[in-house]
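Trainee: I would like to learn how to read this model step by step. Could you take me through it, one feature at a time?

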Amino acid sequence: MRNRTVLLDHVSIRFGDFTAVDNANLKIDSGEFFSFLGPSGCGKTTLLRCISGFSDPTEGKVLIGGKDMKGVGPNKRPTALIFQHLALFPLMSVAENIAFPLEVRGASKKDRRKRADELLDMIALPGIGDKKVSELSGGQKQRVAIARALAVEPDILLLDEPLSALDLKLRQHMRAELRAIQQRVGVTFIYITHDQGEALTMSDRVAVMNSGVIEQVGAPNVIYNAPRTAFVASFVGENNAISGKVAGQTEGMVTLNTPVGPVSGRAAGGRKYKPGEQCSLFIRPEQLTLTGEAGPNTISATLRSQAFEGASTHLLADCAGTRLRLSQINTGAAAAPLAPGAALTLAFAPEHATVLPAGPMASE
Amino acid sequence: MGNFRTAFNSFAGRHGMGVALFVAIAVAAWVILLIVLPQLSMLDYSFRHNLPASQIGGPDDTYTLENYRYFMFGNDDGLNTLDIGILLRTLIAAVFVTILDVMICYPIAFILAHSASGVSARLMVIGLIIPFWVNEILRAFAFRVLFGATGLINSVGLGMGLWDAPVDFIRADVALYSGLAYAYILLMIFPIYNAVEALDRAQIEAARDMGAPWWRVHWRIVLPIAKPGIASGATMVFMLTSGALAAPQILGGPSSLWFTQVIYQWFNQSSNWQRGSAYAVILLLVCIAFVTLMMRVFKVSVGEIGK
């Protein structure tokens, strides 16, 4: 495998006064499945178009395999882009679609057909070469688009929310499919999505973006367990946020004074906090437990509603205006359901909670 | 008939019986009174002798193929090369004008659908439509002035030293082709625009990402999508051009006669409506046959044109 590291070196992209991407610095290794995760409008598609060559960065450089890509057109880069709506050509057959990049390069009709059939085998759809694109199902179109992108063996495949048009069931199936194809061909996948489930299940590493800024880059479990900003903590997975001011710090533990009482959690990344600094403590719903007695790190709350979801039960509670969600694993014992308005005491271990400086959070 | 009934019933179900009846009667009146009956009477005329008024309905008023025979063989029994030649030249000229319009209008329609946006697109459309407020006769005479021996084009060309003596654009039929091509560009632009607008821009970018040069993008992706629109526009432009009268009358050179002018002569100068009808029917049938043949060659179905 050639060295096809993608390097973003202080990349900023501006449209007039609007900054779509602000100073992105990133290295994506050859053969990696890398995702950009963020809400719509966060700049991830802009960044992808910049890597693919459809636009140039306003500042900074995009390097692929150590080579500056400035002025190199999309067709001259070792990348292939899969568009959000796939952009299959409706008036060509499946085989013609897949072999179009080869047709452009002047390959003979016979070679084109042979390669198309090979690729159809690779995506496990043999024998559909003569069908029309309109005769395919959503998942099949998806795979045909991947085959077409792989026809000329790019080193890097860029995917712009390719699953967003599919229904939920198919989307989940295609995640496994995409991951399998990526491991089979060994090509770098750079994947854009606003769906954290997709990013977390498929990727080797994830970059979380918000308002043009890359907030955190890391493996999915790191992003989930050790968020570095309030945005990442609130965007990736369910999280409860309790805002307050720093009361004190000992070792890696910070205590906050909050409307729900004093609570403690880990200081993210070993950061030092000043007393009185505005912070938020994040605790996952599955780390909150119901306890009988009040003590340190407990919250007295009122139950608002609960929903039984089979494997777990979700509770929504309220304390001094702060909404708290709990997720409890159902053990099989038929516990008497609690009535809304019941008084609850919630507890959590400080090492499961993360304290982060106050910042913008993901809207629900 | 069954199809009409189902269509009528579903329309009545949706909009009420009153509206459905009105639409049905209006459409039927339009089709029968304004299209079918006049054409049938022309057809009937074309098979009759040109008789003085007193003999009409008399024993001599029989059906005959004489008018059609005359088109083929004239007075003596040799081939009527004059009229057949004019018909062929008219068709070839109409094809030429149609091709010219496709070449002019395809880029305009594509730019309108995919490059122009907001204000510039609206300005383009207005710029295309407003000049057609000027009526056909005035436009034709304006072209005559424009292309005349002392016209704007000749003065500019002579002034810039591009040519030495005034070029007779009228005799060379340049004025005629320009006038006809311009007269029907809207009928070409809008069907192509309609067809091309449906194209997802990402398809062009995808093709570009795969390294396709612009001509291949158009040949393989845009043109196939534009094809029904081109077919629809080309049919209209061809039919209207071959049936045009004013522009050939005003802009045509002294030596070139349009087939419609021959028809006009039979009706007006020769007062032979029967022969004029036969010639008109011949023009219609030949045009329909030609269009059908072309649709076969380019693999376009009538249904696609209706889209």
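Trainee: Into which domains is chain A divided?

Mentor: A domain assignment splits a chain into stretches of residues, and in this predicted model chain A is divided into domain 1, residues 6-225, and domain 2, residues 238-357. The C-alpha centres of these two domains of chain A lie 39 Å apart.

Trainee: What feature does UniProt place at residues 6-236 of chain A?

Mentor: A record can be set beside the model, and here an unreviewed UniProt entry gives the feature "domain: ABC transporter" for residues 6-236 of chain A. Over that stretch the chain is 36% helix and 26% strand, with its end C-alpha atoms 25 Å apart.

Trainee: How many helices and strands does chain B have?

Mentor: Counting the elements of a chain gives a quick picture of its make-up, and for chain B the count comes to 15 helices and zero strands. The C-alpha trace of chain B spans about 75 × 70 × 35 Å along its principal axes, while 39% of the 307 residues in chain B are buried.

Trainee: Which residues have the most contacts inside the largest nonpolar core?

Mentor: A core is read by asking which buried nonpolar side chains join up, and the largest one here has 80 residues, where Leu8(A), Phe36(A), Phe100(A), Ile190(A) and Ile192(B) have the most contacts inside it. Its largest share, nine residues, comes from helix 4 of chain B, residues 81-114. A second, separate core has 37 residues, including Leu88(A) and Ile128(A).

Trainee: Which residues does Phe100(A) touch?

Mentor: Leaving out residues up to four places away in sequence, Phe100(A) touches residues of both chains, among them Phe89(A), Met92(A), Met210(B) and Ile221(B).

Trainee: How many aromatic pairs does the structure hold, over all chains?

Mentor: For ring pairs one looks at the distance between centres and the angle between planes, and over all chains there are 21 aromatic pairs. One of them, Phe54(A) with Phe83(A), is edge-to-face, at 6.2 Å centre to centre and 65° between the planes. Phe54(A) lies in the loop between helix 1 and strand 4 of chain A and Phe83(A) in the loop between strand 6 and helix 2, so the pair ties together parts that are 29 residues apart in sequence. Both Phe54(A) and Phe83(A) are buried.

Trainee: Where does the charged end of Arg284(A) sit?

Mentor: A charge can also sit over a ring, and the charged end of Arg284(A) is placed over the ring of Tyr224(A), 3.7 Å from its centre. In chain B, Arg275(B) lies over the face of Tyr70(B), at 4.0 Å from the ring centre.

Note on methods
Residues are numbered from 1 along each chain as its sequence is written. Chains are lettered from A and ligands numbered from 1 in the order in which they are written. Side-chain values use heavy atoms; hydrogens and water are left out. A nonpolar core is a set of buried Ala, Val, Leu, Ile, Met, Phe, Trp, Tyr and Cys residues joined through side-chain atoms within 4.5 Å. Buried means under 20% relative accessible area, exposed over 50%, partly exposed in between (1.4 Å probe, protein chains only). Helices (H or I, at least four residues) and strands (E, at least two) are DSSP runs, numbered from the N terminus. Contact means heavy atoms within 4.5 Å. Domain bounds come from an automatic or database domain assignment. UniProt positions are given in the numbering used here, feature names are shortened, and annotations may be inferred rather than shown by experiment. Rings of Phe, Tyr and Trp (its six-membered ring) pair if their centres lie within 6.5 Å; planes under 30 degrees apart count as stacked, over 60 as edge-to-face and the rest as tilted. A charge sits over a ring if NZ of Lys or CZ of Arg is within 6 Å of the ring centre and within 35 degrees of the ring normal.
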